[in-house]
Amino acid sequence: MATISPTYTSLAATNRHSTGGIIVQWTPVTSADTCAAADIVDYADRSVQITGTFDSATVKLQGSNDGTNFADLTDPQGNAISKTAAALEAVMELTAYTKPTFSGGGASQSLTVTMLCRKEAK
């Protein structure tokens with residue numbers, strides 16, 4: 001069982017039109033893994049993309065303001081971000097810490113969770 005730490009990639013290095021965005025990614029995540037939370041409070045606009053082999057897994061995106069107590073984050077329609085297939089969703093809540101959680105996956109689970117986080121242009 002591994003704890004997958006998020007990686008952070010600045011979009012400024014790869015996209016000349018970036019206004020301060022980053023990509024935060026957890027990969028690969030198997031059924032035995034957990035994910036460490038990302039500290040991305042400076043980025044109010046966020047979307048999450050979930051891809052890979054689910055093998056019956058459910059992926060939830062959760063947030064916390066204290067780093068200990070996490071709750072489900074929601075899409076613009078107010079639905080918890082909870083997916084059993086590849087998806088791309090906007091994230092409504094701004095939290096100090098964000099992480100994906102996983103349940104029910106089988107031996108072939110191999111998932112990637114990628115968030116785009118954008119600062120407001122100055």
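This is a chat about the strands, salt bridges and backbone angles of a predicted model.

Student: Before we start, what are the ground rules for this model?
Tutor: It is a predicted model, where local features need pLDDT of at least 70, side-chain atom pairs count only at pLDDT 80 or more, and totals for chains, interfaces and linings use all residues. Residues are numbered from 1 along each chain as its sequence is written, and side-chain values use heavy atoms, with hydrogens and water left out.

Student: OK, what's the strand order in the open sheet?
Tutor: The five strands go E2-E3-E12-E6-E10, with antiparallel pairing. Strands here are DSSP runs (E, at least two residues; helices are H or I, at least four), numbered from the N terminus, and two strands pair if DSSP finds at least two bridges between them.

Student: Which strands stand at the edges?
Tutor: Strand E2 (7–10) and strand E10 (87–91), each with a single partner strand, so one side of each has no neighbour in the sheet.

Student: And by how many degrees are neighbouring strands turned against each other?
Tutor: By 20 degrees on average, direction ignored. The axes are lines fitted to C-alpha atoms (for helices over the stretch in contact), and angles run from 0 to 180 degrees between N-to-C directions.

Student: How many bridges join E6 to E12?
Tutor: Nine, between residues 45–53 of E6 and residues 110–118 of E12, which run antiparallel. Arg 46 stands opposite Cys 117 in E12.

Student: Switching to charges: how many salt bridges does a search of the whole structure find?
Tutor: Three, counting a side-chain nitrogen of Lys or Arg within 4 Å of a carboxyl oxygen of Asp or Glu. Asp 45 and Arg 118 make one of them, at 2.4 Å, N to O. Asp 45 lies in strand E6 and Arg 118 in strand E12, so this pair ties together parts 73 residues apart in sequence.

Student: Is Asp 45 buried or exposed?
Tutor: Partly exposed, at 37% relative accessible area. Arg 118 also counts as partly exposed, at 37%. The cut-offs are under 20% for buried and over 50% for exposed, with partly exposed in between (1.4 Å probe, protein chains only).

Student: What about Lys 83, which residue does its side chain meet in a salt bridge?
Tutor: Glu 89, at 2.8 Å, N to O. Lys 83 is buried at 18%, and Glu 89 is buried at 16%.

Student: And which residue does Asp 72 bridge to?
Tutor: Lys 60, with the closest N and O atoms 3.6 Å apart. Asp 72 is in strand E8 (residues 71–72) and Lys 60 in strand E7 (residues 58–64), so the pair ties together parts that are twelve residues apart in sequence.

Student: New topic: where does Val 41 lie?
Tutor: In the loop between strand E5 (38–39) and E6. Leaving aside neighbours within four places in sequence, Val 41 is in contact (heavy atoms within 4.5 Å) with Arg 46, Leu 94, Thr 95 and Ala 96.

Student: Any backbone oddities? Which peptide bond is cis?
Tutor: The one from Thr 27 to Pro 28, with omega near -20 degrees. Pro 28 is in strand E3 (residues 22–29). Most residues other than glycine have a negative phi, and most peptide bonds are trans.

Student: So what's the phi at Asp 55?
Tutor: Positive, about 45 degrees, although Asp 55 is not a glycine. Asp 55 sits in the loop between E6 and E7. Ser 56 is also in the loop between E6 and E7, and has a positive phi of about 75 degrees without being a glycine.

Student: Is Ser 56 buried or exposed?
Tutor: Exposed, at 61% relative accessibility. Asp 55 counts as partly exposed, at 31%.
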